[in-house]
Amino acid sequence: MTRRSASTRVRAGGAGRLASLAAAGAIVLGARPADATVNIETVRARLGEREGLSGQIELRFSMRQGNVNVLDFAGASHLAFRRKRHFGILISDSRLVALTTWRRGQTTSDLSDPSARIQNQNMGHARYNFAFLDWLRGEAFVQLQADEFLIVRTRFLMGVGPRFLAYDGKILRVAFGTSYMAEYEDLDELRLVRQRPPAPARNWWHRWNNYASISTRLGERMGIAISTYVQPRFDMFRDLRVSATGELSIDLGEHWAFKLRTSLEYDSLPPVACARAIEPGTVCAREDEFPLRAVDLGIQNAITVKF
């Protein structure tokens with residue numbers, strides 16, 4: 001269980017600047033929210049067919065100049081290997097966003113200054129599938145990520161469970177899976193005000209990971225993949241995460257493709273954060289507290305190089 005050209009959750013650096021910068025960031029940036037697990041079904045739909053080694057590199061870039069100057073750069077790499085009943089995939093994804101404002105006398109040339117760096121995000125995911133039957137696979141996965149957008153210093157998870165292939169035709173594939181997932185989460189104590197319900201910044205959670213996906217080909221050059229993840233906590237089902245992704249992929253040539261992706265992320269119990277770093281022995285001022293939003297919507301386009 002990304003995402004982009006529309007979203008929320010941008011930290012506003014500097015005392016007293018939270019409202020103006022966060023509002024501007026929400027409009028222009030489109031932060032890719034952190035998933036409990038990366039939504040790999042759209043990647044699997046593109047790379048899971050070929051025997052041997054295959055992969056792709058994805059580049060995303062946007063820039064805005066004016067009252068708010070924004071530089072948003074992201075890249076991802078996907079590597080897959082299939083041989084008979086074995087299938088493995090490695091995914092890495094990174095994002096860097098810099099923002100300066102006209103109100104502070106800054107221009108686009110200041111975007112290269114290290115002080116303009118607002119947020120970054122990094123993720124690595126590895127997954128292995130073994131085909132017991134044509135319709136039944138076992139899969140295991142691990143993931144490591146950090147996400148300043150969501151005040152996550154470290155999130156590590158691992159899981160195992162079955163995957164069921166309900167329908168596998170030439171133009172349509174339908175699959176669903178379920179698994180146990182252990183999740184270690186370390187939130188930034190300098191930004192965390194409180195968890196809901198109350199909990200320390202570092203925790204081990206145990207979740208029930210469930211997903212369903214459908215992918216189809218529309219002619220020789222176009223494909224659509226849709227997937228949804230639902231991940232409640234075993235000990236508290238109201239602590240729920242949901243991720244839904246839809247992707248349109250258009251082949252521009254043998255090795256090039258254009259992608260348009262939409263996404264929805266939902267966290268039923270997001271934490272409350274502080275607009276500025278909380279110094280040791282102090283607390284966050286009430287006016288600097290803000291809850292991370294429960295819902296993120298994203299729209300993203302990208303150019304992909306396939307091999």
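Let me start in the middle of the protein. The largest nonpolar core has 16 residues. Val70, Leu99, Leu150, Leu187, Leu192 and Phe290 have the most contacts inside it. Two strands each supply at least two residues of this core: strand 2, residues 68-83, and strand 3, residues 86-101. Another core lies apart from that one. This other core has 10 residues, among them Val43, Leu47, Ile91 and Tyr229.

A word of caution before I go on. This is a predicted model.

Now the overall picture. The protein chain has two helices and 15 strands. It runs to 307 residues, and buried residues make up 50% of them. The accessible surface of the chain comes to about 14,900 Å². Carbon and sulfur atoms account for 62% of that surface.

Next, the aromatic rings. How many aromatic pairs does the structure hold? Seven. Take Tyr184 and Trp204. Their rings sit 5.4 Å apart, centre to centre. The angle between the planes is 50°, and the pair counts as tilted. Tyr184 belongs to strand 7, residues 172-187, and Trp204 to strand 9, residues 202-218, so the pair ties together parts that are 20 residues apart in sequence. Are these two rings' residues buried or exposed? Neither label fits Tyr184, which is partly exposed at 22% relative accessible area. Trp204 is also partly exposed, with a relative accessibility of 47%. Elsewhere, ring pairs link Trp135, Phe164 and Phe176 into a cluster.

On to the disulfide. A search of the whole structure finds one. Cys274 and Cys284 form it, with their sulfur atoms 2.1 Å apart. Which hand does it have, and why? The torsion about the S-S bond is about 85°, so this disulfide is right-handed. Cys274 is in strand 13, residues 272-274. Cys284 is in the loop between strand 13 and strand 14, the latter being residues 289-291. The two cysteines are 10 residues apart. Both ends are covered: Cys274 is buried at 2% relative accessible area, and Cys284 is buried at 11%.

Now a charged side chain. Arg261 sits in strand 12, residues 256-267. Is Arg261 buried or exposed? Buried, with a relative accessible area of 8%. What does its side chain contact? The side chain of Arg261 makes a polar contact with the side chain of Glu247, at 2.9 Å.

Last topic: the backbone. Look at the peptide bond from Arg196 to Pro197. That bond is cis, with omega near -5°. Pro197 lies in the loop between strand 8, residues 192-194, and strand 9.

Two residues have a positive phi without being glycine. Take Lys84 to begin with. Its phi is about 55°. Lys84 is in the loop between strand 2 and strand 3, and those strands both supply residues to the core I opened with. Lys84 counts as exposed, because its relative accessibility is 71% and the cut-off is over 50%.

Then Ile151. Phi of Ile151 is near 50°. Ile151 is found in the loop between strand 5, residues 136-147, and strand 6, residues 152-168. Where Lys84 is exposed, Ile151 is buried, at 4% relative accessibility.

So, what to look for on the screen. Find the core around residues such as Val70 and Phe290. Find the disulfide of Cys274 and Cys284. Then find the cis bond from Arg196 to Pro197.

How values were computed:
Residues are numbered from 1 along each chain as its sequence is written. This is a predicted model: local features need pLDDT of at least 70, side-chain atom pairs count only at pLDDT 80 or more; totals for chains, interfaces and linings use all residues. Side-chain values use heavy atoms; hydrogens and water are left out. Rings of Phe, Tyr and Trp (its six-membered ring) pair if their centres lie within 6.5 Å; planes under 30 degrees apart count as stacked, over 60 as edge-to-face and the rest as tilted. Helices (H or I, at least four residues) and strands (E, at least two) are DSSP runs, numbered from the N terminus. Buried means under 20% relative accessible area, exposed over 50%, partly exposed in between (1.4 Å probe, protein chains only). A nonpolar core is a set of buried Ala, Val, Leu, Ile, Met, Phe, Trp, Tyr and Cys residues joined through side-chain atoms within 4.5 Å. A polar contact is a pair of N or O atoms within 3.5 Å; within protein, one must be able to donate a hydrogen and the other to accept it, and residues adjacent in sequence count only if both atoms are side-chain atoms. A disulfide is a pair of cysteine sulfur atoms within 2.5 Å. Accessible areas come from the Shrake-Rupley method with a 1.4 Å probe; for residues, only the protein chains shown count as cover.
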